[in-house]
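Open your viewer and keep the selection box handy. We will go from one selection to the next and look at what is there.

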Amino acid sequence: MKRHLISAADLTRDDAVLILDTAEEMARVADRPIKKLPTLRGRTVCNLFFEDSTRTRISFEAAEKRLSADVINFAAKGSSVSKGESLKDTAQTLEAMGVDAVVIRHSASGAPYRLATSGWIDAPVINAGDGTHQHPTQALLDAFTMRRRLIGPDAGLGQDLGGRRITIVGDVLHSRVARSNVDLLHTLGAEVTLVAPPTLVPVGVETWPCEVSYDLDSVLPKSDAVMMLRVQRERMNAAFFPTEREYSRRYGLDGDRMARMPEHALVMHPGPMVRGMEITAEVADSGRCTAVEQVANGVSIRMAVLYLLLGGNEPAVSSPRTDRTEEK
């Protein structure tokens, strides 16, 4: 593992499989009465969030606390950032306080890379989402969910997603989740197809390791997993499609479209969902939709990433005898 996790494109196949296998061990901890490991005891992790978040922030905090780390939560609102403090000054403040790792979400693409390479802070940096660029732990938890559902928790150990066909549908232009998933799924051997209106397909997409289609109905019957993306209105400064009704009719997933998917195929969503827009309530609440499962798997993946970046040299999950000692 490299020192930082900035982009899903930085991970080799072996790196990615190691994280997924470590997350499988971490998932077993969640089934115990006491869901804690002593791995990061005495380490301080700062969650540096310059952008709104529910799932990612809570997921990282849960992962850090389950590994016994000391957690500092920083939100830009209500901090000196609102008074004009720069990212550099904030980073140097954290460095002076002796923070051991930083989890950063920022509206500006490239902010985590800048933090990791600037020398402002001497600690591992984990990207929790930067602008429309990357969200590597989301891609990892999506791949983890696919591997568990399509191959199995135990059968999947050491395996990648070779030969699986994954379809990503919706607002690809503004989606860091789509970019991260294309990179990681390609690394893991999957075949990725992007489906979106022409106005929501990025310039230069022909250089990405994936196919592009504008017809959702033609792609669904051969998909092992279909990932629906939210239309990110907060990042839009123009009209990218005529009406919500037309978008939903062409690119929304409803019960009829779900019935055309193979029986084993999954419906995924990184959240937050806009029911009635890209996905209907019928599909979102069906047994094939893994949205809630993805949230649970996110804690396991983030525990694995933190463990490998900060802990790393001892077994991820100690023996039962040691666990009983720690629980006292």
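How many bridges join strand β1 to β3, and do the two strands run parallel or antiparallel? Select residues 44–49 for β1, and you will find 5 bridges to β3, with the two strands running parallel. Keep in mind throughout that this is a predicted model.

**Stop 1: strand β3 and its neighbours**

To see one of the pairings, show Val45, whose bridge partner in β3 is Ala101. Now add strand β4, residues 125–130, which is joined to β3 by 4 bridges and also runs parallel to β3. Here, Val103 stands opposite Ile126 in β4.

Next, select β3 itself, residues 101–106, and turn on the side chains. In a regular strand, side chains alternate between the two faces of the sheet. On one side of β3 you have Ala101, Val103 and Arg105, and on the other Val102, Ile104 and His106. Are these faces covered or open? Both are covered, with the residues on either side buried. Because 6 of the 6 residues of β3 are buried, the strand is largely enclosed by the rest of the structure.

**Stop 2: the five-stranded sheet**

Move on to another group of strands. An open sheet is formed here by 5 strands, in the order β7-β6-β5-β8-β9, with parallel pairing. Colour residues 211–213 (β7) and 266–268 (β9) to mark the edge strands, each of which pairs on one side only. On average, neighbouring strands of this sheet are turned by 20 degrees against each other, direction ignored.

For a look at one edge, select β6, residues 191–195, which is joined to β7 by 3 bridges in a parallel run. One pair to display is Val195 with Ser213, its bridge partner in β7.

**Stop 3: helix α5 and two partners**

Select α5 (residues 136–150) together with α6 (residues 176–187). These helices pack at an angle of about 55 degrees, and their axes are 8 Å apart. That angle makes α5 oblique to α6, and the crossing is right-handed. Show the side chains where they meet: α5 brings residues including Leu140, Ala143 and Met146, while α6 brings, among them, Val177, Leu184 and Leu185. Counted by class, this contact has 8 nonpolar, 3 polar and 1 charged residues.

Now keep α5 and swap its partner for α11, residues 291–311. The packing angle of α5 with α11 is about 115 degrees, with the axes 8 Å apart. This crossing, too, is right-handed. From α5, display Thr137, Phe144, Arg148 and Arg149, which are among the residues that meet α11; the α11 side includes Glu293, Asn297, Ile301 and Arg302. The contact of α5 with α11 divides into 5 nonpolar, 7 polar and 5 charged residues.

**Stop 4: two loops with unusual backbone**

Finish with two loops. Which residue lies in the loop between α2 (55–66) and β2 (70–75)? Select Ser68. Its phi is near 70 degrees, a positive value in a residue other than glycine. Ser68 counts as buried because its relative accessibility is 15%, and the cut-off for buried is under 20%.

Last, jump to the loop between β9 and α10 (281–284), where Pro272 lies. Display the bond between Gly271 and Pro272: this is a cis peptide bond, with omega about -10 degrees.

Methods. Residues are numbered from 1 along each chain as its sequence is written. This is a predicted model: local features need pLDDT of at least 70, side-chain atom pairs count only at pLDDT 80 or more; totals for chains, interfaces and linings use all residues. Side-chain values use heavy atoms; hydrogens and water are left out. Two strands pair if DSSP finds at least two bridges between them. Axes are lines fitted to C-alpha atoms, for helices over the stretch in contact, and angles run from 0 to 180 degrees between N-to-C directions. Angles under 35 degrees count as roughly parallel, over 145 as roughly antiparallel, 65 to 115 as roughly perpendicular and the rest as oblique. A crossing is left-handed if the near helix is turned anticlockwise from the far one by less than a right angle, and right-handed if clockwise. Contact means heavy atoms within 4.5 Å. Ala, Val, Leu, Ile, Met, Phe, Trp, Tyr, Cys and Pro count as nonpolar, Asp, Glu, Lys and Arg as charged, and the others, Gly among them, as polar. Buried means under 20% relative accessible area, exposed over 50%, partly exposed in between (1.4 Å probe, protein chains only).
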